[in-house]
Amino acid sequence: MKVYSFSFSPTGTSAKILRGINAGISEALGIDVNYSDVTVKLVDSVSFDPEDIVIVSGPVYGGKIAPIVKQRLKCLNGNGARCVVVAVYGNRAFENAVCDFASFMSDKGFMICGIAAFVGEHSYSTAETPIAQGRPDIKDIEDAYVCGQEIARKVMEKRLCRVDPALLKEEPSPAESLANFKNFVMNYQQEQANSHKMYLPQVDISLCDECGTCYDICPTGAIPTDGHNVDATKCIKCCACVKNCPQGARSFYTPFAKPLSENFKLRKSPKWIL
């Protein structure tokens, strides 16, 4: 048996959670976990054995697993290997993301034996509009480690078996918060229907030293070598360029940031089923 893990993690949150899970598994089983970061490159074609375990993590965008995650993992061939899927969301809701992610991996030939939803700092979070700011924090990483230990225990007891992704339920948000956000979304959609506006990361030329960091870390190649003029057809608003710019030269405004920050302040906890 071998254990593999793959994360798509433009801003590092999904990777931190997965590394915590990996640490729990590795310590309990006494083996190394083969970890791959697939943020900026496609996974090479890989086939697994039925006794292998594969853990995948990726961010939730708008209540769905980011489509690019599927593109990055499309060359995996499960062959009946056991799989744990981990969705990382920005403290609002994971909605159908877990089930969608699990369905995709199942179609790739994996047996879904675990599902999890963890919270990570939202891509749109800023100092002015904090959304799950600083997460995953120490408590989240501890929880991820515990999740990994539980996976390992199930393996040792030969009880890591198929699970139903639909059984993982949301931690509810206050009714008022949900109503406020729903009203915002309806108004936003109406405004966009009347006059469509595209929101993209911006760069302050006076601060940019063209170091190339944003170009290197952009998962979709939406940023040219000079770091300017983001390609709207490729940008997925992951904000990797914003959060990783050494000079603080990049920013991203979206009208979603304020209502997300105002309505989803209550801390949500990680959830998983094994």
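**Salt bridges and the largest pocket**

Both Arg135 and Asp140 are buried. Their side chains meet in a salt bridge, with N and O 2.7 Å apart. The model described here is predicted. By the rule applied, the count comes to 9 salt bridges.

A second pair lies in helix H4, which spans residues 138-156. Here the side chains of Asp143 and Lys139 form a salt bridge of 2.9 Å, N to O. Asp143 and Lys139 are 4 residues apart in this helix, so about one helical turn separates them. The two partners differ in accessibility. Asp143 has a relative accessible area of 14% and is therefore buried, as that value falls under 20%. Lys139, at 43%, counts as partly exposed, because that value lies between the 20% and 50% cut-offs.

A third salt bridge links Arg159 with Glu157. The closest N and O atoms of this pair are 2.5 Å apart. Arg159 is partly exposed, at 40% relative accessibility. Glu157 is also partly exposed, with a value of 38%. Elsewhere, salt bridges with shared partners join Arg135, Asp137, Asp140 and Arg267 into one network. Two members of this network, Arg135 and Asp140, are the buried pair described at the outset.

Attention turns next to the open space in the model. The largest pocket holds about 780 Å³ of space. Its lining is made up of 39 residues. Nearest the centre of the pocket lie Tyr61, Gly62, His122, Tyr124 and Phe256. Several elements each give two or more residues to this lining. They are helix H1 (13-29), strand E4 (53-61), strand E7 (82-89) and helix H5 (175-194). Tyr61, one of the residues nearest the centre, falls at the end of the range given for strand E4. The largest share of the lining comes from H5, which supplies 5 residues.

The chemical character of the lining is mixed. Of its residues, 19 are nonpolar, 14 are polar and 6 are charged. Among the residues nearest the centre, Tyr61, Tyr124 and Phe256 belong to types that count as nonpolar. Gly62 and His122, also nearest the centre, are of types that count as polar.

Key
Residues numbered from 1 in each chain as written. Predicted model: local features only at pLDDT ≥ 70, side-chain atom pairs only at ≥ 80, totals over all residues. Heavy atoms only, no water. 1 Å grid on protein atoms, 1.4 Å probe; cavity = no way out; pocket = protein on both sides within 12 Å on 5 of 7 lines; lining within 4 Å. Points joined across faces, edges and corners; volume = space filled by probe spheres on them. Salt bridge = Lys/Arg side-chain N within 4 Å of Asp/Glu carboxyl O. Buried < 20%, exposed > 50% of the residue type's maximum accessible area, 1.4 Å probe, protein only.
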